[in-house]
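Biologist: I am new to this structure and would be grateful for a close look at a single part of it. Please describe one helix and the neighbours it packs against, and then place that description beside other parts of the chain.

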Amino acid sequence: MSPDSPGTSGASHDGAPVPDAGAKSGRDASLSGSLYERALRVLPGGVSRNTVLRQPHPFYAVKGEGCYVTDIEGVQRLDCANNMCSLIHGHAHPAIVEALSRQLREGTAFTFATETEVLYAEHMCDRSPGFEKIRFVNSGTEAVMSCIKAARAFTGREKIAKVEGAYHGIYDYAEISQTSNPSNWGDLRHPPSIPVTRGTPQGVLDDVVVIPFNDPETAVAILDEHRGELACVLIDPIPHRVGFIQANGDFIDAIRRWTTADGSLLVFDEVITFRSAYEGAQSWYDGAPPELTALGKIIGGGLPVGAIAGRADVMDVLNPLAAKVLFPHSGTFSANPLVMSAGLTAMRLYDRDAVARLNALGDRARRQIAVGIADAGLPVSVTGAGSLLRIHMSPMAPTTYREAYVDPERAHKTKRLLEYAFDHGVMLINTGSAALSTVMTEREVDTLCEVLLGALRAATEHD
Ligand SMILES: Cc1ncc(COP(=O)(O)O)c(C=O)c1O
């Protein structure tokens with residue numbers, strides 16, 4: 001079972017790696033095993049998203065309650081994956097269930113605007129100084145794509161820059177070099193544009209400039225070669241694939257100053273990181289906020305969502321009332337009332353106190369794990385920020401994508417870690433990461449730490 005090879009195999013829709021191409025379904029007498037047999041006949045690889053693949057078969061959920069999820073076999077686990085960091089209040093939060101039930105009775109989609117979308121837009125624009133206007137879309141991928149298209153429309157430029165190894169969804173331009181590896185990543189001073197999907201047009205590769213993470217000098221030297229060409233520089237402030245390592249102030253500062261001088265836009269992908277502070281992780285950095293921010297995951301209250309938010313004049317490229325609409329944008333289910341009700345309820349609940357409490361739980365988890373690692377002398381490390389953490393099968397905490405890169409040996413250990421945790425009642429993200437939820441208490445965090453430390457001992461016992 002289990003996912004493996006973080007960073008060594010293909011890309012999934014959630015920013016997590018896919019298991020071995022050779023993973024087989026295997027025959028299995030379990031309910032999940034027989035469901036998977038049927039799924040294999042009608043879904044490519046038997047799944048709708050690569051992230052849920054495990055060997056010998058995926059597990060099928062029947063119920064989520066608070067911070068626990070129960071599979072079809074009746075096994076309950078502490079859910080530290082939270083649908084890939086999207087369930088900030090865990091499963092079936094009563095206030096969200098109530099809001100959704102009310103909306104369900106009133107209708108699920110209209111060819112009208114709704115008051116809820118206005119209320120939600122007001123909430124988000126009040127929440128973060130960088131959000132003067134917002135447009136809701138349906139996924140993080142769509143949000144990132146819309147940011148890039150808006151940046152192009154605003155600047156009249158075609159190229160973008162992005163960080164090596166950073167996952168931003170599956171839009172052609174955004175997925176470039178998301179899975180670079182030692183055989184193709186080349187010279188750090190000029191990382192090549194590596195395609196993820198076969199058939200990626202050469203034009204796309206030519207239009208994406210790849211920069212290293214947290215290395216301001218090298219990044220700026222690369223950007224300098226493209227002065228006047230870039231529509232935007234796209235940054236995730238705690239990129240999952242890069243290791244859930246926080247972008248340092250110098251790096252963000254350097255990029256902020258460079259884009260301002262260049263006339264290109266700074267775009268933050270806060271699809272995961274918005275949870276990290278009430279205003280989003282962008283509030284950690286000095287200087288003007290990013291012109292545009294991509295949002296998703298937690299802002300849907302458990303339903304599929306995305307949003308693009310930012311400076312009013314930039315957002316105006318979407319303005320359908322303009323004499324010439326620079327970026328015509330639509331979406332049948334954009335700002336769908338179900339998503340708006342769930343999202344607004346979730347974000348109102350995620351107030352400053354809730355953010356502070358959750359981040360304190362994250363600090364507690366990372367501290368306990370780090371102490372446990374040091375006490376046991378384990379050759380592993382932990383990184384992360386706010387309510388996110390990631391285990392690395394290397395003694396030194398990485399600071400760059402290349403250091404965080406998971407080679408086959410580390411991948412094998414990560415697989416053992418995940419299997420142990422899963423078998424001991426804790427569900428992690430298949431990169432060895434965890435995302436906490438507000439319904440957790442110190443008790444659940446202590447359970448997570450205890451199981452993780454057991455898993456780390458098991459995963460490294462032959463070292
Ligand atoms: C940082 C980041 N950006 C964008 C996306 C894409 O979001 P979605 O899966 O909703 O399309 C993800 C998904 O994991 C993500 O982690």
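**Helix packing**

Modeller: The crossing of H3 and H10 is right-handed, and this pair makes a suitable point of comparison for the part chosen here, helix H14. The model is a predicted one.

Helix H14 covers residues 442–460, and its axis comes within 8 Å of that of helix H13, residues 408–423, the two crossing at roughly 140 degrees. An angle over 145 degrees would count as roughly antiparallel; H13 and H14 are therefore oblique to each other. Their crossing is right-handed. On the H13 side the contact involves Lys413, Arg416, Leu417, Tyr420 and Ala421, which meet Val451, Leu452, Gly454, Ala455, Leu456, Ala458, Ala459 and Thr460 of H14. By character, the residues of this contact comprise nine nonpolar, two polar and two charged.

Helix H14 also packs with helix H11, residues 352–376, at an angle of about 30 degrees and with the axes 10 Å apart. Angles under 35 degrees count as roughly parallel, and H11 and H14 are therefore roughly parallel to each other. This crossing, too, is right-handed. H11 contributes Leu361, Arg364, Ala365, Gln368, Ile369, Gly372, Ile373 and Ala376, while H14 contributes Glu442, Val445, Asp446, Cys449, Leu452, Leu453, Leu456 and Arg457. The contact of H11 with H14 holds 10 nonpolar, two polar and four charged residues. Leu452 and Leu456 of H14 are named in the contact with H13 and in the contact with H11.

An α-helix has 3.6 residues a turn, so residues three or four places apart point the same way.

To return to the comparison, helix H3 (residues 94–106) and helix H10 (residues 337–349) pack at about 155 degrees, their axes 9 Å apart. These two helices are therefore roughly antiparallel to each other. From H3, the residues Ala95, Ile96, Ala99, Leu100, Gln103 and Leu104 meet Pro337, Leu338, Ser341, Ala342, Thr345, Ala346 and Leu349 from H10. Here the division is 10 nonpolar, three polar and no charged residues.

Outside the helices, Gln178 lies in the loop between strand S5 (159–163) and helix H6 (202–206). With a relative accessibility of 1%, Gln178 counts as buried. The C-alpha atoms of Gln178 and Thr400 are separated by 13 Å, although the two residues are 222 residues apart along the chain.

Definitions and conventions: Residues are numbered from 1 along each chain as its sequence is written. This is a predicted model: local features need pLDDT of at least 70, side-chain atom pairs count only at pLDDT 80 or more; totals for chains, interfaces and linings use all residues. Side-chain values use heavy atoms; hydrogens and water are left out. Axes are lines fitted to C-alpha atoms, for helices over the stretch in contact, and angles run from 0 to 180 degrees between N-to-C directions. Helices (H or I, at least four residues) and strands (E, at least two) are DSSP runs, numbered from the N terminus. Angles under 35 degrees count as roughly parallel, over 145 as roughly antiparallel, 65 to 115 as roughly perpendicular and the rest as oblique. A crossing is left-handed if the near helix is turned anticlockwise from the far one by less than a right angle, and right-handed if clockwise. Contact means heavy atoms within 4.5 Å. Ala, Val, Leu, Ile, Met, Phe, Trp, Tyr, Cys and Pro count as nonpolar, Asp, Glu, Lys and Arg as charged, and the others, Gly among them, as polar. Buried means under 20% relative accessible area, exposed over 50%, partly exposed in between (1.4 Å probe, protein chains only).
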